[in-house]
Amino acid sequence: DCDAKPGQMRAAAPKSYWDAARKLVEAVNEQGRQAAPLGVWQIVRQAANALNSVMGGHFRDEALELAERIDCEPRDIIIANLSYDLGQVGCTTFGLQTADGPLHARNLDWSFPGKLLREHVAVERVLNAPSGEYLLVTWPGLFGALTGLAPGRFSVTVNYVVHDEESTPTGLMGRAFKGHWPSTWVVRTALNEKANFASAVKYLAEVPLLSPVLFTVVGTKEDERAVIERSATSSVVRRGEPGGLLCVTNHYVSKGLGRHNVDLEDGDTRERLDALSEKLSTTPPTNRAEALAILSSNDLFDKNETQHQVAMCARTGKMTVQVPGKKQPFEFECG
C-alpha cells in the first residue's frame, strides 16, 4: 500500500517495490517473446515505440522514471503496460445493489508463469488527482489499471474479450500509430479526470481503443451500474436494471457485438457467466465478504490463474482484496 500523485511514481517506495517492478516488467516482456512468433514480437515492439511517441505526455513521466529506476528501456515499460492488450486476462465480474450501495466485485484471472502476480499485488492510493483521490489494485511496474475505486464517484474493472476482426497484431499496430488508447491507460485516465459515473461511462464508451475490452463501471446509486462492451471504435452499454443482476465474463452479450465473439466453445466464459448469474439470483451477497465467498466457488475460481479477488463499494469508499494463498483478506478505505 503506497501513495502517489498523478503523473509521479512512488518516490518513497522501498527498494523491494522496485525489485518487484523489475521482475514483473522482465517477466511480462519474456512472456510476450515466448508466446509471439518473431515477426509478431517485432510488431509489438514497434507498436510500443509508436505509442511512446504518439501519446505525448500521457504517463510518459511515469514510464521514463520506471525505466530509470529499474534500468531498462522505456519500450520495455510500455510493453509491460500493454499487458491487457497483448495477453489473455480472464476475469469474472458483477455489480449488484446492496443496502450500503452498489457492490462491485471481481476475480482477476491471468495466465502468468510462477507466482509473481500473487506475491506482488499492490494497492496504491493516488493523491491530488483532478477529480479526487482513488485506489488502484495493481502491480509494481504498471501505471495503467485493471481495477480501481474512486470513493464517492465510481469503481471500474476490465475484463478481456476477443473480437473476430480486431484482435490481431496488425490491427493493434495500426491503431497504435493512430494514437488509440490502451485499455488500462483509459481506466487510469477515467479515475484521474471523470467526476462521476455518467461522465466515466461516456468517456469509456467513446474513447478510441487499442484493443476490444469489457469495462464494468459501478457508481454510488442503484441505477449506476453498467457494462460497456467495446470494440476499438464502437460500443454497446448494458445497464443493470433496478434490483437486477449485472454480470460479465469474457464474451460479448449484446446483439450489436455478439456476432464478433470468437471460440466460445473452447473456453468457460459462458459457463462462468451462467454459474455466476445463478449464484447471485439464489443467494445475493449483502456485503464484500459474501461477494468474495461467491467468487471463490469452484466453478468461478481458478486455482492456477485467479491472481486476486476484489470487492468494493464507491459509496462507502471501502475495498477488500483477497489474494490466493494469503490467510486473511486486506481491507482498505479511501475518502
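Here are a few notes on one helix and the sheet beside it, in a model that is predicted.

1. A good place to start is helix α11, which spans residues 269-282 and has 14 residues. From first C-alpha to last, α11 reaches 20 Å, close to the 20 Å expected at 1.5 Å a residue.

2. Next, look at which residues of α11 are tucked away. Thr269, Arg272, Leu273, Ala275, Leu276 and Leu280 are the buried ones. These residues sit on the same side of α11 because they cover an arc of only 170° around the axis. The face turned away from that buried side carries the exposed residues Asp274, Glu278, Ser281 and Thr282.

3. What do the buried residues of α11 pack against? Their partners are the strands β2 (92-98) and β11 (246-248), together with helix α12 (288-295). As for direction, α11 lies across β2 and β11 and runs at about 20° to β2.

4. Both of those strands belong to an open sheet of 6 strands, in the order β11-β2-β3-β12-β13-β14, with antiparallel pairing. At the edges are β11 and β14 (330-333), each of which pairs on one side only. On average, neighbouring strands of this sheet are turned by 15° against each other, direction ignored.

5. For a closer look at one pairing, try β2 and β3 (residues 101-109): the two run antiparallel and are joined by 7 bridges. Gly95, for instance, has His104 in β3 as its bridge partner.

6. Finally, do not miss α12, which lies across β2, β3, β12 (306-313), β13 (318-322) and β14. Relative to β12, α12 runs at about 150°.

Technical notes. Residues are numbered from 1 along each chain as its sequence is written. This is a predicted model: local features need pLDDT of at least 70, side-chain atom pairs count only at pLDDT 80 or more; totals for chains, interfaces and linings use all residues. Side-chain values use heavy atoms; hydrogens and water are left out. Helices (H or I, at least four residues) and strands (E, at least two) are DSSP runs, numbered from the N terminus. The expected span of a helix is 1.5 Å times one less than its number of residues. Buried means under 20% relative accessible area, exposed over 50%, partly exposed in between (1.4 Å probe, protein chains only). The arc is that of the directions from the helix axis to the C-beta atoms. Contact means heavy atoms within 4.5 Å. Two strands pair if DSSP finds at least two bridges between them. Axes are lines fitted to C-alpha atoms, for helices over the stretch in contact, and angles run from 0 to 180 degrees between N-to-C directions.
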